[in-house]
Amino acid sequence: MKANKTLVTWFTALGFVVGSTLAHAEREGLSVPQNPKWKEECGSCHIAYPPQLLTADSWEQVMGNLGKHFGANASMDAKDASDILDYLKRHAGSGDRHSAASLRISDTQWFKREHREVPRNYWADKRIKSASNCTACHVNAARGDWSEHGIRMPSGMRMEDD
Ligand code: HEC
Ligand code: HEC
C-alpha cells in the first residue's frame, strides 16, 4: 500500500512542523499581538492577559459573564466586549492544557507546568498576592515581554532548582 505509506510520511512530517512551530512560539515567550481596546479595558485592574493563554471557548465564557468576573464587576460597553472577544478568539490558545473549569489561566496545566519550579507557598506571599498577579515577577510583561529574562522574583525568593 504505497499510497498509505506516503500519507503516513506526510502526516508525520506535518506533525513535526506544527510541533516545532509551537515549541518555538513558547520559547519566544509569547509575543502578544496588540489591540488598544483590549489593552485598555482588560489591563485596567490587572495586566491584560495574553490571548494565547486560554482557549477560544474559555474566553467566550469569560466575556459572557463580565458582571460577575472573578469577584469583580468588569461590565463594559457591549460593542467593546464583542470586539475584544473577536480579538481574544483570533489569537486564543488551543488544547486542554489551555483551559480550566475555573476559567483561570493560573489553573491551567500549561501554567502549572511553566511554574513547577516556583515553590507553592510563594503564591500566597504578601508580595505576590496571587498567581493572577503576573507582574509581581514578570516585571516587563506590560511591554509584552514574558521571557525568562524579564522575570525578577522579589528579593529572597528563588526557584526550586536554583
Ligand atoms: C474591574 C476590574 C477588572 C477588569 C476591568 C477586568 N478584570 Fe479580569 N480580573 C479581575 C479580578 C479582581 C480578578 C481576580 C484576581 C485574583 O484572583 O487575584 C480577575 C481575573 C481575571 C482572569 C483570571 C486570572 C488568573 O488567575 O488566571 C482572567 C482570565 C481575566 N481576569 C480576564 C479579563 C479580561 C479578558 C478582561 C477584559 C475584558 C478583564 N479581565 C477585565 C478584575 C478585572
Ligand atoms: C511568583 C512569581 C511569578 C508569578 C506571579 C507568575 N510567574 Fe510566570 N514564571 C515565573 C517563573 C519563575 C517562571 C519559570 C522560568 C523558568 O523556568 O526559567 C515563569 C514562567 C512563565 C512563562 C514562560 C517564560 C519562558 O519564556 O520560558 C510565561 C509565559 C509565564 N510565566 C506567564 C505568567 C503569567 C501569564 C502569569 C500570571 C497569570 C505568571 N506567569 C505569574 C514566575 C512567576
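A residue is called buried here if 20 or more other C-beta atoms lie within 10 Å of its own, exposed if 12 or fewer do, and partly exposed in between, with the C-beta atoms placed from the backbone. Asp145 makes a good first example: it is partly exposed because 16 other C-beta atoms lie within 10 Å.

Before going further, a word on what you are looking at. This is a predicted model, in which local features need pLDDT of at least 70 and side-chain atom pairs count only at pLDDT 80 or more, while totals for chains, interfaces and linings use all residues. Residues are numbered from 1 along each chain as its sequence is written, and chains are lettered from A and ligands numbered from 1 in the order in which they are written.

Let us start with confidence. The pLDDT, which is the predictor's confidence in each residue on a scale from 0 to 100, has a mean of 86 over the protein chain, and 81% of the residues reach 70 or more. Helix α1 (residues 2-27) has the lowest confidence, with a mean of 51, whereas α3 has the highest, at 98. Over residues 19-28 the pLDDT is below 50, and this stretch has zero contacts in the model beyond near neighbours in sequence. A contact here means that the C-beta atoms of two residues, placed from the backbone, lie within 7 Å.

Now for the overall fold. The protein chain has five helices and zero strands, and reading along the sequence gives the pattern α-α-α-α-α. These elements are DSSP runs, numbered from the N terminus: H or I over at least four residues for a helix, E over at least two for a strand. Of the 162 residues in the protein chain, 16% are buried. Among contacts with a separation of 6 or more, 59% join residues 24 or more positions apart.

What holds the middle of the picture is a set of nonpolar residues. The largest nonpolar core has 12 residues, including Trp38, Cys42, Tyr49, Trp59, Leu88, Ala92 and Ile105. Helices α2 (36-42), α3 (56-63) and α4 (78-90) each supply at least two residues of this core. Such a core is a set of buried Ala, Val, Leu, Ile, Met, Phe, Trp, Tyr and Cys residues joined through C-beta atoms within 7 Å. In soluble globular proteins, nonpolar side chains tend to be buried together.

Two core members show how the chain comes together. Leu88 touches Pro51 and Trp59, leaving out residues up to four places away in sequence. Ala92 sits in the loop between α4 and α5, and it counts as buried because it has 20 C-beta neighbours inside 10 Å. With the same kind of sequence neighbours left out, Ala92 touches Pro51, Gln52, Leu54, Thr55, Ala56 and Trp59. The C-alpha atoms of Ala92 and Asp57 are separated by 8.8 Å, although the two residues are 35 apart along the chain. Arg90, in helix α4, is exposed because it has 11 other C-beta atoms within 10 Å. Its C-alpha lies 7.9 Å from that of Ala56, which is 34 residues away in sequence.

Which residues come nearest to ligand 1? Of the 19 around it, they are Cys42, Cys45, Ala74, Ile105 and Ser132. A residue belongs to these surroundings if its C-beta atom, placed from the backbone, lies within 6 Å of the molecule. The shell has 10 nonpolar, seven polar and two charged residues; Ala, Val, Leu, Ile, Met, Phe, Trp, Tyr, Cys and Pro count as nonpolar, Asp, Glu, Lys and Arg as charged, and the others, Gly among them, as polar. Domain 2 (32-114) and domain 3 (118-162) each give at least three residues to the shell, with the bounds taken from an automatic or database domain assignment.

The segment after α5 holds Asp145 and Gly144. Asp145 is in contact with Asn140 and Gly150, leaving aside neighbours within four places in sequence, and its C-alpha is 8.6 Å from that of Val32, 113 residues apart along the chain. Gly144 is in contact with Ser31 and Val32, again without those neighbours.

Finally, look at the backbone. Most residues other than glycine have a negative phi. Phe70, in the loop between α3 and α4, has a positive phi of about 45 degrees. Lys129, in the segment after α5 (109-114), has a phi near 75 degrees.
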